[in-house]
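Me: I should like to learn how to read a strand in its setting, beginning with the annotated domain and ending with the strand's partners.

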Amino acid sequence: MDEQFRILHPIKYYRDHINNHIRPDGRELNKFRPVLVNIGSINTSDGSALAKVGDTTVICGIKAELCSPKVESPDQGFLIPNVELPPLCSSKFKPGPPSEEAQVVTQLLADIVKNSKCFDLKQLCICHEKLVWCLFADLICISYDGSLMDACVIALMGALKSVQLPLVDYDPAIDNKLVNEEQKNFVNIQGIPICTTFSMFDKNILYDPTQEEENLSSCTFNVVLMEDKLCSVHKPGGTPISEQNLMECIEVSKQRTNTICELIDIALKKNKT
Amino acid sequence: MPVDHKRINAPESAVPYKLFTKLNTESLKEQYQKAIRDGIRVDGRKPSEHRKIFLKTGIVAHAKGSAYIEQGNTKVVTSVFDPREIPNRTDYCLKGEIYCEFKFAPFSCPKRRLHQQDSQEKECSAIMKKALEAVVCREEFPNFQVDVYALVLHNDGSALSAAVTAAGVALASAGIPMFDIITSSTLAIQGEHSLFDPNFREELLSEIAIEKEHGVVILCVTSTHQQISHFHQTGNLQLNTITQSIDTLHNTCKEIVPVVQKCLVKSVLSVISES
Amino acid sequence: MLILSSEKTDNPARIERTYYLISENIRIDGREREDYRPMEIETDVVSHAFGSSRLRLANTDVLVAVKIEVDAPYPERPLEGKLEFFVDCSANATPEFEGRGGEELAVELSNCLSSAYRSEEVFNLKKLCIMKGRKCWKLYVDILLLEVGGNLFDAVSIAVKAALWNTQIPKIKSINVDGSNIDIQVCDDIFSCTKLDVTGAPLMVTVCKIGDKCIVDPNAAEEQCSVGAVVVAVSRGNICTISQTGTGSFHPDTFKSCLILGISVAQRLEDSLTETLGEIKANQDVGFLK
């Protein structure tokens with residue numbers, strides 16, 4: 001009976017659960033799903049990471065290529081994130097060009113990296129005005145079950161932390177490049193931004209919502225923090241949220257940020273050994 | 001080239017750095033001899049040895065059925081969705097259709113892949129479709145199509161074979177009516193060497209004519225009926241070599257069947273214990 | 001005597017008749033199992049192409065034109081030229097091609113061709129290199145399906161081979177290298193061209209399984225009777241690509257007998273094609289487009 005009720009009256013089904021302070025998947029309203037991070041399992045890429053937040057799985061692979069910099073920023077390289085939501089991950093998506101959601105997430109991710117200043121593009125410069133690195137960070141969602149941004153940010157930062165770039169000997173006079181693959185250096189990461197997603201259902205705030213919860217809720221927003229500092233709050237429309245509630249969410253995210261950073265560090269150490 | 005407004009665009013001049021590493025001056029023959037020395041391959045396998053397979057179902061939370069396969073370093077995710085009406089079709093068709101999409105992740109190969117399907121991926125999709133059509137009871141869902149997606153996360157050779165095997169498991173775990181279990185295996189031939197389940201390098205070297213005879217053979221077999229559901233070969237091979245490879249590959253495919261069965265039993269048991 | 005109309009029907013009586021006749025080694029149009037229908041081939045039919053051919057096999061009509069351009073080789077294969085196949089299905093060829101119907105078949109055909117021509121033993125792309133890593137010839141093989149009357153793979157492969165045989169590659173007079181700029185001068189004399197070596201160019205034979213017997217060159221009705229077919233591409237007696245069409249599956253033994261039949265038929269086809277092409281004189285002025 002339970003399943004039928006869930007399909008026929010999803011909102012009532014949820015309301016019944018939430019009035020009793022429990023969610024259909026057994027979590028309390030203020031509980032997060034388990035997070036799993038795995039770094040460096042794909043050796044065809046220059047850096048890779050897999051992040052799992054509950055049933056949402058995102059894999060990120062970074063490929064480094066050489067190119068010439070933009071004229072207006074001759075000493076900066078490129079970091080190009082791209083989130084792919086293939087039809088493989090959910091029946092919500094169909095084959096073809098990137099869906100609207102994929103475009104939003106991609107742009108949001110690019111903004112987070114840029115605004116938090118967690119990654120300095122100047123370190124990607126090899127020769128002023130001539131040659132820089134271009135990092136293609138491709139994120140693919142394998143399984144889609146809500147809180148996509150959380151998983152994307154973890155996967156991207158995990159992958160960036162594991163990127164090793166070879167040394168390049170460049171002779172600007174004759175445009176000659178020689179890549180020395182035996183010597184590789186890690187890139188510098190100034191900090192790790194962590195994103196936390198929340199949903200509003202009636203007057204309650206659900207932490208780390210699943211896909212179903214996101215669909216039924218009146219608004220979904222996420223908070224990005226980097227080392228106790230607020231980077232961004234993204235709340236695209238929906239019902240308004242009180243200041244008190246928002247402050248509460250930011251406070252909770254702070255605690256979560258620390259645990260996830262530790263998690264990434266542990267995964268990184270595991271990869272190195 | 002038209003600008004893609006739906007993605008963040010990279011500078012057009014970007015080239016992979018591998019092109020500027022120290023040139024490999026070894027001839028192809030020497031490279032191949034390095035890949036197989038005294039009958040032992042780089043990863044320590046014998047020529048007829050298959051890599052270990054790890055199979056798991058239920059990877060994609062909201063798909064009808066899904067499977068993840070790891071064959072050595074090769075990693076593929078496949079997922080299957082509920083039958084849906086065939087888009088843009090007006091006439092009635094007696095048999096259901098299978099839509100296959102095979103894709104390499106941009107970071108899965110030594111060279112970066114683009115987001116749009118290229119011709120190799122389209123070819124792989126077509127091979128997968130033909131291989132799976134022979135095992136699915138398509139008359140059970142007339143006028144409907146079943147979507148099968150395969151995504152290669154890491155290509156270390158034999159990716160198509162791994163995808164076909166995993167897609168078979170995903171279809172079965174989705175409860176799509178099937179005649180049989182399907183398994184697939186690849187063979188890379190160069191001269192007198194026949195390497196089973198080749199890795200990326202072996203596969204690449206076998207596509208180039210170092211010896212007169214060379215090529216890559218892919219065989220997809222249904223297990224109980226012992227039928228070839230699809231056979232694909234490229235390169236340049238004699239008839240004898242091919243008939244021999246059919247027999248040996250057939251045996252390899254048989255050896256994979258228990259792995260598939262075990263995985264399916266496990267997924268059924270977990271469904272029972274959940275309810 | 002049975003008369004077969006060109007329209008496609010699912011008439012069960014006819015299918016049964018086809019089955020019966022094939023097991024008796026005679027087909028509805030009087031051929032034996034291993035016989036082809038008569039073919040007509042012309043070369044040099046498109047004056048603006050570097051090489052062209054047109055093949056008519058009963059109701060199947062194919063036009064192939066080869067175009068040549070100077071291009072940069074792939075960085076990973078600096079010594080090789082490029083060869084690309086493009087199949088275009090005329091909407092008039094068969095009713096199924098209306099809209100985007102022919103696209104799938106076109107992709108299948110061009111995939112099969114490019115994988116058959118991929119091996120160096122079959123077609124040596126190194127001959128198309130002009131300057132290592134910088135410049136090479138790129139051949140575009142455009143295939144236009146004018147009418148579809150069964151057995152497309154065979155017809156297309158024969159027409160492509162004939163068109164490549166007919167192709168003339170301009171001779172290069174001089175190459176000037178100035179930094180990253182490369183200037184290529186082509187010989188003024190339009191008659192001094194090199195011909196391509198097509199002795200290894202593969203021919204494809206579709207072996208169709210009907211009942212428990214295999215036939216070649218199926219007509220449209222016979223194609224309907226069979227559940228699956230094996231396409232065997234043969235070059236100098238070796239197999240360079242095997243693919244399957246249709247949705248059926250094969251028993252390994254049947255599959256092997258298909259391959260044996262495919263090779264022997266391809267050999268005969270190859271011989272008669274070489275003979276026919278040898279009879280074509282240079283600078284002939286007949287052709288259906290001229």
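The dialogue below treats a domain annotation, then one strand and its pairing.

Me: This is a predicted model. Which residues of chain A does UniProt list for "domain: Exoribonuclease phosphorolytic"?
Reply: The unreviewed UniProt entry lists residues 32-166 and 191-255 of chain A under that name. Residues 32-166 of chain A are 23% helix and 37% strand, with end C-alpha atoms 39 Å apart. For residues 191-255 of chain A, the figures are 29% helix and 42% strand, and the end C-alpha atoms are 16 Å apart.

Me: How many residues of strand S9 of chain A are buried?
Reply: A residue is counted as buried if 20 or more other C-beta atoms lie within 10 Å of its own. In S9 (residues 193-201) of chain A, 9 of the 9 residues are buried, so the strand is largely enclosed by the rest of the structure. Both of its faces are covered: one side includes Cys195(A), Thr197(A) and Ser199(A), and the other includes Ile194(A) and Phe198(A).

Me: In which sense does S9(A) pair with S11(A), and over how many bridges?
Reply: Two strands are taken to pair if DSSP finds at least two bridges between them. S9(A) and S11 (residues 219-226) of chain A pair in the antiparallel sense over 8 bridges. Within this pairing, Thr197(A) stands opposite Asn222(A).

Me: What joins S9(A) to S10(A), and how many residues lie between them in the hairpin?
Reply: S10 (residues 204-207) of chain A runs antiparallel to S9(A), joined to it by 4 bridges, and Phe198(A) stands opposite Tyr207(A). The hairpin has 2 residues between its strands, and Asp202(A) in the turn has a positive phi of about 50°.

Conventions:
Residues are numbered from 1 along each chain as its sequence is written. Chains are lettered from A and ligands numbered from 1 in the order in which they are written. This is a predicted model: local features need pLDDT of at least 70, side-chain atom pairs count only at pLDDT 80 or more; totals for chains, interfaces and linings use all residues. UniProt positions are given in the numbering used here, feature names are shortened, and annotations may be inferred rather than shown by experiment. A residue is buried if 20 or more other C-beta atoms lie within 10 Å of its own, exposed if 12 or fewer, and partly exposed in between; C-beta atoms are placed from the backbone.
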